Amino acid sequence: MSTTTDVAPYTVVIGLEVHVQLLTQSKLFCACRNRFGDPPNTNVCPVCLGMPGVLPVMNRQAFELALRAAVALNCKIARFTKWDRKNYYYPDLPKNYQISQYDLPFSSDGYLEIPVEGGTKRVGIIRVHLEEDAGKLLHGEGGKRSQVDLNRAGTPLLEIVTRPDMNSPAEARTFLEELRLLLRYLEVSDCNMQEGSLRCDANINLHVHHNGEIIATPIVEVKNMNSFRAVERAMAYEMERQYEEWKRTGARLGEVPKETRGWDENRNITVSQRRKEEASDYRYFPEPDLVPVTVTEEELERVRESIGELPAQRRLRFISGYALPEYDARVIVEQGKKFADYFERVARGLEHAKNASNWMLQDVLRTLNERGWTIEEFPIAAEKLCDLIRRVERREVNTHAAREVFAEMLEGGGDPGEIIERKGLAMVSDEDALRQVVAAVLDKNPKVIEDFKKKKGKKRAQVAGFVRGLVMRETRGKADASLVEKLVNEMIVERAGVGFDS
Ligand code: ZN
Ligand code: MN
């Protein structure tokens, strides 16, 4: 798309609005339990049911979690912040207003760096604010009746609004993945999209390149995307739809009211829902029942100190500190904090951290996926795995036999040293003993030498490979593979009287 003969007809511009449920014990303005999956309407009280005459009290834990997220997103933190009522009627909102933040959000003007081809890209964060969630409507079969569950009403939500800095559907998805990783590292939210603890809306339009002019098309808000994949696909669909629409109508930004469309997962299209409300439709006004919140310098300092290393920093440290390839660092960090911690405990005791990475990304990760375990459920202690890999590094056991030890540790526990001893898996690296095995194999297979003489080039290497396989089988996979290679090559050439290249 960068050549002059094939100029992209437009740039796509995407901004995201993400709602994240905070991992608090209780709700934002009452003491009711904040937990997903409890029987409907069991975690409710007069405050979150919106009874008259009750008074909300802010949950300080929610505010602190929100601060952690905002600081990690490089936001400016307001020293003074207040609450506002956002008025609208909906059956899952018993008070007929949502307590939110309007003109004085507690944080603003931050950014998140996301990995992109050949580097990183900074996506601006306009604001992060705290608000209460609404309840949930359960629509019955056949559309005959609906029921309301107010367990979620009043639970704390973080709203994160980005600048329109993403320029492809893939970038929007990468942003969400990076945000989720960050919030999980911070233990601010579990970001489980299936349970609705991370929800995402998108604003998207095009900058069409037309006759030397750049024309912005009307912004469309897309809702109802229930997975990162859905976000990516909805953006790709909307991009093409808007371009066709522009070619048809020529409508520019500001000429038509903002439209809201919903993503239809089954049909893979967006469907028009309504023309968007303006902020003035909500009749915001300051919440009179809650005191404004002030944040002290000490409090902020405490939050900064509690944050620790973030995923992006950790990736860089794995690359520079452990000499890991970028790919390994990315995948290990992506698996979450506990997995990366485990990796570090293994890597620290080894000659080469890359060996730890290989085992983690192959054997350990495969086992976790197969058995549906988290790293915390993995039965082999990091110290034991380290011990095993160290024995491979020291050539006490070869990789093939080490996998057997690994399998044994997985099922029955035990110590690598003890298992190697008991199962007789120690590496055979006695040169004289191995020389005898190779000689015996060659004696038993005289055709091999004839073959070697008849063939040329690569085919000769294949003959040697065949002999190596026989030797490894003879030693039950325990021989030092590089020593076997050396001996087999030497002895074939000796007996055949010709070299590999002659
Ligand atoms: Zn309550
Ligand atoms: Mn909101």
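These legends describe close-up views of two metal sites and a cavity in a predicted model.

**View 1. The zinc ion (ligand 1) and its cysteine donors.** Four sulfur atoms of the protein serve as donors: the SG atoms of Cys30, Cys32, Cys45 and Cys48. They lie 2.3 to 2.4 Å from the zinc ion. Along the sequence, the spacing of these donor residues is C-x1-C-x12-C-x2-C. Cys30 and Cys32 are both buried.

**View 2. Angles around the zinc ion (ligand 1).** The 4 donor atoms subtend angles of 98 to 115° at the zinc ion, so the arrangement is tetrahedral. For four tetrahedral donors the ideal angle is 109.5 degrees.

**View 3. The manganese ion (ligand 2) and its donors.** His19 coordinates the manganese ion through NE2, while Glu131 and Glu159 do so through OE atoms. The distances are 2.0 to 2.2 Å. In sequence, the donor residues follow the spacing H-x111-E-x27-E. Glu131 belongs to strand β7 (residues 119–132) and Glu159 to strand β10 (residues 156–162), so this pair ties together parts that are 28 residues apart in sequence. Both of these glutamates are buried.

**View 4. The largest cavity and its lining.** The model has 1 cavity of 30 Å³ or more. The largest cavity holds about 50 Å³ of space. Its lining includes Asp92, Leu93, Pro94, Lys95 and Tyr97, as well as Glu132, Asp133 and Ala134. By class, the lining residues are 6 nonpolar, 1 polar and 4 charged. Cys48 is also among the lining residues, and its SG atom is one of the zinc donors.

Terms used:
Residues are numbered from 1 along each chain as its sequence is written. Chains are lettered from A and ligands numbered from 1 in the order in which they are written. This is a predicted model: local features need pLDDT of at least 70, side-chain atom pairs count only at pLDDT 80 or more; totals for chains, interfaces and linings use all residues. Side-chain values use heavy atoms; hydrogens and water are left out. Donors are N, O and S atoms within 2.8 Å of the metal (3.2 Å for Na, K and Ca); water is not among the atoms, so sites may look incomplete. Four donors count as tetrahedral if all angles lie between 85 and 135 degrees; four count as square planar and six as octahedral if opposite donors are over 155 degrees apart and all others between 65 and 115; anything else is irregular. Buried means under 20% relative accessible area, exposed over 50%, partly exposed in between (1.4 Å probe, protein chains only). Helices (H or I, at least four residues) and strands (E, at least two) are DSSP runs, numbered from the N terminus. On a 1 Å grid over the protein atoms alone, a cavity is a set of points where a 1.4 Å probe fits but cannot get out, and a pocket is an open set with protein on both sides within 12 Å along at least five of seven lines; lining residues have an atom within 4 Å of a point. Grid points are joined across faces, edges and corners, and a volume is the space filled by probe spheres set on the points. Ala, Val, Leu, Ile, Met, Phe, Trp, Tyr, Cys and Pro count as nonpolar, Asp, Glu, Lys and Arg as charged, and the others, Gly among them, as polar.
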